[in-house]
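These are my notebook entries on a structure that I wanted to look through one part at a time. I put down what I looked up and what I found.

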Amino acid sequence: MTALDLSSLGPLLPSPLRPVRDERLTRHGVRLLLKRDDLIHPDLVGNKWRKLAPNLAAAAGRPVLTFGGAYSNHLRATAAAGRLLGCPTVGVVRGQELADRPLNPSLARCAADGMRLLFVDRATYRAKDDPAVLAELLRRAPEGSVVVPEGGSNALAVRGCAELGRELRGQADVAVVACGTGGTLAGLAAGLGPGGRALGIPVLRGGFLGQEIRALQERAFGGPAGDWSLDERFHFGGYARTSPALEAFADDFEQRHGLAIERIYVAKMLYGLVTLAAEGAFPRGTTVAAVITGSPEPRQPAEPPSR
């Protein structure tokens, strides 16, 4: 099948790169740029475009089956893409108990965009990569369905995120991004090229992400690619967890710069960046690009990652 051309959806690429003066960084000789990936597309925001677009193009109009939790950004973006492209989508949702409850606003949006929701128990969800489990899920989906992993992070997505790095080549010494499943960082680092460094701020506890990123780069590029590292101190207790300090920081950043800050990923990344600058992690004269990967959603209860 011929890959779809998604340019008809009108993405804003390359995404804007805007300087921001923040004395918490300038006092340490650090120049801040905001890479506004949140402006790429109103329905496929930020890294959703970069990760989903190559997968949807390769699916070439066939049905797409993917996975997520009850408040998954990834499921919402996939459902919206299916509506825009006219292709069926199926979302496998973690939590069989949700099947008998009213849909929350996130899942209601998925359904309104035409996504068929399959609720599974948590043990089945954990085993979703098992061939027998996956075969049963595909049996319940439209014939010929293409599988896109949770969070959209696979080799196609990583290669799509490499374009983010290429857009930042020569513009910044360090690119900082929040990490959920690691696909964005894996591609960003590869695209930056020699002399560029990528820094990931995981929003989950566990210390497993480095191994995942190495595996993603192996599948996408055949081996390690680019200069990248992780700072795992800024998860604030885990996915979708915040604290009064983080909320106050995000509110203050919004007031300083007139930018609404998404809490689950972006706020933690910016908090980590300001903390690192205060610690002297960046030599004076460093230009740092902070990747704004998403827009705020209604406040949500804690859920494991599905980005």
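**Entry 1: the six-stranded sheet**

How many bridges join S7 to S8, and do they run parallel or antiparallel? I looked this up before anything else, keeping in mind that the model is a predicted one, and found that S7 and S8 run parallel and are joined by 6 bridges. As an example of residues that face each other in this pair, I noted alanine 178, which stands opposite isoleucine 201 in S8.

I then followed the sheet outwards and wrote down its order as S1-S2-S10-S7-S8-S9, an open sheet of 6 strands with mixed pairing. S1 and S9 are its edge strands, each of them pairing on one side only, and from one strand to the next the twist averages 25 degrees. I reminded myself that the strands of a sheet pair through backbone hydrogen bonds, either parallel or antiparallel.

**Entry 2: strand S10**

S10 pairs with S2 in the parallel sense over 5 bridges, and with S7, again parallel, over 3 bridges. For the first pair I noted leucine 33 opposite alanine 289 in S10, and for the second I noted that valine 176 has alanine 290 as its bridge partner.

Why is S10 largely enclosed by the rest of the structure? I checked its residues and found that 5 of the 5 are buried, so the strand is indeed largely enclosed. Thr287, Ala289 and Val291 point one way while Val288 and Ala290 point the other way, and all of them are buried. This fits what I had read, that in a regular strand the side chains alternate between the two faces of the sheet.

**Entry 3: the nonpolar cores**

I next looked at helix H11, which lies across S2, S7, S8 and S10 and runs at about 140 degrees to S7. I wanted to know which residues have the most contacts inside the largest nonpolar core. This core has 35 residues, and the ones with the most contacts inside it are Val176, Ile261, Met269, Leu270, Leu273 and Phe282. Two or more residues come from each of S2, S7, S8, helix H10 (244-257), H11 (263-278) and S10, and H11 gives the most, with 10 residues.

I looked at valine 176 separately, leaving out residues up to four places away in sequence, and found that it touches Leu199, Ile201, Met269, Leu273, Val288, Ala289, Ala290 and Val291. There is also a second, separate core of 22 residues, which includes Leu33, Leu168, Val177 and Ala220.

**Entry 4: helix H8**

Is helix H8 mostly covered or mostly open? I found that 9 of its 10 residues are buried, so to speak a helix that is mostly covered. Among the buried residues are Gly183, Leu185, Leu188 and Leu192. What covers them includes helices H2, H7 and H9 as well as strands S7, S8 and S9. Just after H8, I noticed that glycine 193 takes a positive phi of about 80 degrees.

**Entry 5: the four-stranded sheet**

I turned to another open sheet, in which 4 strands with parallel pairing follow the order S5-S4-S3-S6. S5 (116-120) and S6 (146-147) each have a single partner strand, so one side of each is left without a neighbour in the sheet. S3 and S6 pair in the parallel sense over 2 bridges, with valine 64 opposite valine 146 in S6. Helix H3 (residues 73-85) packs on this sheet, where it touches S3 and S4, and its direction makes about 160 degrees with that of S3.

**Entry 6: aspartate 22**

Aspartate 22 is in the loop between S1 and helix H1, and it counts as buried at 1% relative accessibility. Its side chain makes a polar contact of 2.7 Å with the side chain of arginine 24 and another of 2.9 Å with that of histidine 257. Leaving aside neighbours within four places in sequence, I found aspartate 22 in contact with Phe253, Arg256 and His257.

**Entry 7: cysteines**

Finally, I looked for disulfides and found 0. The sulfur of cysteine 110 is 14 Å from the closest cysteine sulfur, that of cysteine 87, which is too far for a bond. For cysteine 179, the nearest cysteine sulfur is that of cysteine 161, 11 Å away. Cysteine 110 counts as buried at 1% relative accessibility, and cysteine 179 is buried with a relative accessible area of 1%.

Technical notes. Residues numbered from 1 in each chain as written. Predicted model: local features only at pLDDT ≥ 70, side-chain atom pairs only at ≥ 80, totals over all residues. Heavy atoms only, no water. Pairing = 2+ DSSP bridges. Contact = heavy atoms within 4.5 Å. Axes fitted to C-alpha atoms, helices over the stretch in contact; angles between N-to-C directions. Buried < 20%, exposed > 50% of the residue type's maximum accessible area, 1.4 Å probe, protein only. Polar contact = N/O pair within 3.5 Å; in protein donor to acceptor, adjacent residues only side chain to side chain. Core = buried A, V, L, I, M, F, W, Y, C linked by side-chain atoms within 4.5 Å. Disulfide = S-S within 2.5 Å.
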